[in-house]
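Please look over the sequence and the model together before reading on. The paragraphs below begin with the cysteines and then move outward to the whole chain.

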Amino acid sequence: MKNKSLGAAMLHGKCPSCREGNIFPTRVFSYRKLTEVNHQCPKCDAVLTPEPDFFYGAMYISYAFSVALMVTVFTAINILVDHAPLSTYLIIIIVSNILLLPPMLRYSKILYLYGLGKLKYNPEKVKIRK
């Protein structure tokens, strides 16, 4: 079995402990069950929600994603359009935030879990369960 890299595991939303099980029960661009996280990893049974309301701290990361998106869109509009009205900025920023809400929420939770979740990578964990 080939070990999955940290970056690939984070990109695909895999468990920090085994890097094989899914953290989320739905796909990335799913507006249904937007905030739902598997309580345990389906592959290694690692606890992905160590305490109630663990992922409230991920709101700060999500906020940073949203601010970065707004600054990027604002800068792109300034470069691409001369003298754009305020409504153009507002509409494009709001629509881009709504469209990118699922991945921003998902990756903020992934970063929070990998950074503060206290789960360490153990490639043998899945082999034991099989």
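In this predicted model, the structure holds zero disulfides. The pair to inspect is Cys18 and Cys41: the cysteine sulfur closest to that of Cys18 belongs to Cys41, and because the two lie 3.6 Å apart they are too far from each other for a bond, given that a disulfide calls for sulfur atoms within 2.5 Å. Seen from the other side, Cys41 is likewise in no disulfide, and its nearest cysteine sulfur is that of Cys18. As for their surroundings, Cys18 is buried, with a relative accessible area of 4%, and Cys41 also counts as buried, at 1% relative accessibility.

Turning to the fold around these residues, the protein contains five helices and zero strands, so that, because only helical and strand runs are counted as elements, the order from the N terminus reads α-α-α-α-α. Among the contacts with a separation of 6 or more, 64% join residues that are 24 or more positions apart.

The overall dimensions can be read in two ways. The C-alpha trace spans about 60 × 30 × 25 Å along its principal axes, and the radius of gyration is 18 Å, whereas a compact globule of 130 residues would have one near 14 Å.

Of the 130 residues, 35% count as buried. The protein exposes about 8500 Å², of which carbon and sulfur atoms supply 64%. Finally, the protein carries 16 positive and 7 negative charges, and the mean positions of these two groups are 7 Å apart.

Key
Residues numbered from 1 in each chain as written. Predicted model: local features only at pLDDT ≥ 70, side-chain atom pairs only at ≥ 80, totals over all residues. Heavy atoms only, no water. Helix = DSSP H or I, 4+ residues; strand = E, 2+ residues; numbered from the N terminus. Rg over C-alpha atoms; globule rule 2.2 N^0.38 Å. Buried < 20%, exposed > 50% of the residue type's maximum accessible area, 1.4 Å probe, protein only. Contact = heavy atoms within 4.5 Å. Areas by Shrake-Rupley, 256 points an atom, 1.4 Å probe, with all protein chains shown as cover. Lys, Arg positive; Asp, Glu negative; His and termini not counted. Charge placed at Lys NZ, Arg CZ, Asp CG, Glu CD.
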